[in-house]
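Student: I've got a model open and I'd like to talk through how it packs. Can we go through it piece by piece?

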Amino acid sequence: MTDPHPKTLLQNERKILNLVRVNGAMQRAALAGETGLTQPWVHRMTDQLLARGLLVAGAPPKGGRGQPSITLALRPQAAYAVGVALGTDSVDVCLADLACQ
């Protein structure tokens, strides 16, 4: 049986996360349009990213017709990166979360 939450991200999952990182909270329809993927495929991938805790669901935008879709945003505390630069006279360390903060 395969792990339902693999540790590595698929190329299209990375594409979705990068779009949300660059543009801020987005709806699934906008993600489908930007990636060129079908809406059902984007829905399936974003559901997996939500289950893995990399994305969070936000409130739907106000206005418009019909039932609005939720917005999806990065969950900054889902992952961190550490950078270390060793110099002859110094050590520089930086820490960034998933939102690059």
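Student: Leaving out residues up to four places away in sequence, which residues does threonine 46 touch?
Tutor: Keep in mind that this is a predicted model. Threonine 46 sits in helix H3. Once residues up to four places away in sequence are set aside, its contacts are Ile16, Arg28, Leu31, Leu55 and Leu72.

Student: Is threonine 46 buried or exposed, and what's its relative accessible area?
Tutor: The cut-off for buried is under 20% relative accessible area. Threonine 46 falls below that, so it counts as buried, with a value of 0%.

Student: What polar partners does the side chain of threonine 46 have, and how far off is the side chain of arginine 28?
Tutor: One partner is the backbone oxygen of histidine 43, 3.1 Å from a polar atom of the threonine 46 side chain. The other is a side chain: threonine 46 and arginine 28 make a polar contact there, at 2.7 Å.

Student: How far apart in space are the C-alpha atoms of threonine 46 and glutamate 13?
Tutor: In sequence, threonine 46 and glutamate 13 are separated by 33 residues. In space, their C-alpha to C-alpha distance is 7.9 Å.

Student: At what angle do helices H2 and H3 pack?
Tutor: Two packed helices are described by an angle and a distance between their axes. For H2 (residues 28-35) and H3 (residues 39-51), the axes are 9 Å apart, and the angle is about 115°.

Student: Which residues make that contact, and how do they split by class?
Tutor: From H2 come Arg28, Ala29, Leu31, Ala32 and Thr35, while H3 supplies Gln39, Val42, His43, Thr46, Asp47 and Leu50. By class, that's 5 nonpolar, 4 polar and 2 charged residues.

Student: Why do the buried residues of H2 end up on the same side, and how wide is their arc?
Tutor: The residues in question are Arg28, Leu31, Ala32 and Thr35. In an α-helix, residues three or four places apart point the same way, because there are 3.6 residues a turn. Here the buried set lies on the same side of H2, because it covers an arc of only 100°.

Student: What covers those buried residues, and which exposed residues are on the face turned away?
Tutor: The cover includes helix H1 (11-23), strand S1 (26-27), H3 and strand S3 (71-74). On the face of H2 turned away from the buried side, the exposed residues are Gly33 and Glu34.

Student: Which residue other than glycine has a positive phi in the segment after strand S5, and what's the value?
Tutor: Most residues other than glycine have a negative phi. Glycine 36, just after H2, has a positive phi of about 80°. The non-glycine case is cysteine 100, in the segment after S5 (91-97), with phi near 65°.

Technical notes
Residues numbered from 1 in each chain as written. Predicted model: local features only at pLDDT ≥ 70, side-chain atom pairs only at ≥ 80, totals over all residues. Heavy atoms only, no water. Axes fitted to C-alpha atoms, helices over the stretch in contact; angles between N-to-C directions. Helix = DSSP H or I, 4+ residues; strand = E, 2+ residues; numbered from the N terminus. Contact = heavy atoms within 4.5 Å. Nonpolar A, V, L, I, M, F, W, Y, C, P; charged D, E, K, R; others polar. Buried < 20%, exposed > 50% of the residue type's maximum accessible area, 1.4 Å probe, protein only. Polar contact = N/O pair within 3.5 Å; in protein donor to acceptor, adjacent residues only side chain to side chain. Arc of directions from axis to C-beta.
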